[in-house]
Amino acid sequence: MNSKKTLIVSHAPFWHDGSGVPERSYHTMIAALPAACVGIAYYGAPALGVISLAIASAILWELLFNYASKRSITVGNGNAALIGLLIAMVLPASAPWWLVLIGTFLAIVIGMQIFGGIGANPFNPVALAIAILMVSYQNHLDFDAALVNFSLDFPSTTDPLAALKAFGPAAVENLNPIDLLMGRQVGGLGSSCGLAIAIGGIYLMLRGIIRWEISIAFIVGVFISAMLFNMSDPVRYAPPAFHLLTGYTLLGAFFLATESSSSPVNFIPMLIYGALGGVMTVLIRNIGAYVDGVIFAILLINLINPLVDKIRPKAIGKVA
Amino acid sequence: MRKRSFFGLSKPCFNYELATGTVADPVAIPTPETVTLYIKQELKRASSSLKVGTPVKTGQRLVVNEGDDICAISSVTGTICEIAPFLADFGRAWTAVTIKTEGSDTPDTEFAEAMQAPSLETLNRYLATCPGEPDIGPLMDERNPVHTIVIYGGNADILIDTSLYLFKQSAEAVNAGIEILRKATGIEDIVIVIPEESVQNYSGHLDARMQPVSSQYPYAQPLMVLHQLTGRLPDEKGMASMGVHFIRAEAVAAIGQAFSSGSLPVEKTVAVIDKQGTKHLARARVGTPVGVLLKTFDVQVNDQDKIIFGGPMTGNAIYSEDLPIGPGTDAILVQDKSVIPLYSDYPCINCGDCVRICPANVPVNLLVRFLEAGQYTEGADLYDLYSCIECGLCSYVCVSRIPIYQYIKLAKYEIGRITSAEELNEQ
């Protein structure tokens, strides 16, 4: 009877549904891949270079920080790789190597690791890094300037949002929504093809990896506020479909606003959070100083996340 | 390990076992060579009444010190061969008494004399460790009078239906037990709670109010039942402060059986669930080592497998095949090492899966941050620790694989300890 068998003991429950952080990261990367591939198809090797460098450097920054802070190595969970991929997708294909390195450093170290790593970041690391880059290196994130040496056979060889900002809706009237949806527009290397992003986003929503409430509310927020602007003055403000299909709108709705640790988890807060992000995006685009408002809108809603997430259903059995 | 469905939007859904269909009668396990019983009291110094070599009879009370209320009931006749301290869950100190059995059973007669007066003292003295482990103490507490006794017919976990099976098999004993409880406590309001799909045949036969509950997990967990009955959940003072007391149907049946037969029940019905998920019912003496039961059903246990007392959601893993089944052990679940999910030390990534699955609307994502940091009272005050009904679903879906359920149980235990220490100081 006195067996020497070593049994494993642990806490209940003894079943698990098999989900895990690595699975989440890798599935999100799979969902982002179609859009990235469209970027590679349009922009060629430079786009591939930016993507590879961004993923590699993001992993490296996290590894270096793990060593420097004497914490366990966390690069295996794929989160750093995912952040690298998303950074690459919002950069222009012509981004120089140092810009990519700075971008991933900002996202991984400043945006996430100094707060304590995965789960502890108050802002979406990608949005934070891109916001800093946008303010610091305007020329490199101005798509018209950055992509001037590419010969692209798109209907318009300028950034539609920049054209809208400078010349009003008349300048972008000739743009066909189908072309925009297929990614035939000047923009970030992985953020211009709305169709590919939407396919990835729907995949993530079905898998339950992102919260569909946030994405849908974000899109509805963009659509309704853009529609109100457009109805009030069609000469000055572009129609809602244009806002949906240009810039970072869809990437923001499906991949940036839904980053789990900086977004709410309860139903009503998710709707408020997403809708507010959409409204802020259109506000910044239409009456703000910046060409694209998605990045700043997401940083703003990240700020209100802890507050709105206090709106939650009452727990059962509470007397008060 | 179960798999998450491809469509992650759908929530996992479990149902309780309902003990319907034909169940094979329990296999009688012969009296083992040794049994081990726990006295839930610390072994401080050499005990005056427990000594190695002392002969004991079946049904005899074993106490650490003369005059103690806390005891164990010997399930066999034999001689004590070992007395040792035992460290139970959450670091509680108990005493383990191992008895070497003799061939035949000699019944102890002490209970037969005491049963003439079915009072709470008798119940507490002799039946607190009968199968089903009724907690008689709160019924005797005059500061928090109990007005409702809830007899809990189901099992508090999925996969297991031992308790429900016994309830169905021994309706007469349950009725007798209810009568004894009424007589001893004077409480009129006795409710029987049972999963609804197994209820239709029993109303009317039993001398108590029937309350069907949903057979979907976790709507028949004791705390969830309490919420359905009263609309409230207990705070750190525990269930007793609400005037409701839970007794398992198995315990009521054991009480009824004890008083009608004049001898204390010493056999426990246990389900053994092997690695393939096949369920075997067995009847064995309380204190029988787990290994004996596993051997009977040819369950091969290898290195790094897991043996669990109870079900997959709320059970307790044990560390040795030599540990005995206790009066509260409904099932022994064996898991192969290939299906054991491992916990991690990852932080919460705020994915919100736990919040969406929680049947009690507890903000688990925030609560767990406090509990991980040991801030139990903050968790209780701000983030609804006491709304948790202890179903374990949050840990089941946790992406970071945090042992949330364990954190919650630990927090409740620690706060309970502080509270009872404060109450002692006030007296």
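## Helix pair, core and chain contact

In this predicted model, the axes of helix α10 (residues 194–207) and helix α13 (residues 249–256), both of chain A, come within 9 Å and cross at roughly 15°. Axes are lines fitted to C-alpha atoms, for helices over the stretch in contact, with angles from 0 to 180 degrees between N-to-C directions. Helices (H or I, at least four residues) and strands (E, at least two) are DSSP runs, numbered from the N terminus. Angles under 35 degrees count as roughly parallel, and α10(A) and α13(A) are therefore roughly parallel to each other.

The table gives the residues of this contact; two residues are in contact if their C-beta atoms, placed from the backbone, lie within 7 Å.

| Helix | Residues in the contact |
|---|---|
| α10(A) | A:Gly194, A:Ile197, A:Ala198, A:Gly200, A:Gly201, A:Leu204 |
| α13(A) | A:Leu250, A:Leu251, A:Phe254 |

Apart from neighbours within four places in sequence, A:Leu85 is in contact with A:Met29, A:Ala32, A:Ala36, A:Ile51, A:Ala54 and A:Ile55.

Between the chains, 41 residues of chain A are in contact with 61 residues of chain B. On the chain B side, the elements giving two or more residues are β14 (306–309), β15 (316–318), α12 (393–397) and α13 (404–426).

Residues are numbered from 1 along each chain as its sequence is written, while chains are lettered from A and ligands numbered from 1 in the order in which they are written. Local features need pLDDT of at least 70 and side-chain atom pairs count only at pLDDT 80 or more, whereas totals for chains, interfaces and linings use all residues.

How values were computed: Angles under 35 degrees count as roughly parallel, over 145 as roughly antiparallel, 65 to 115 as roughly perpendicular and the rest as oblique.
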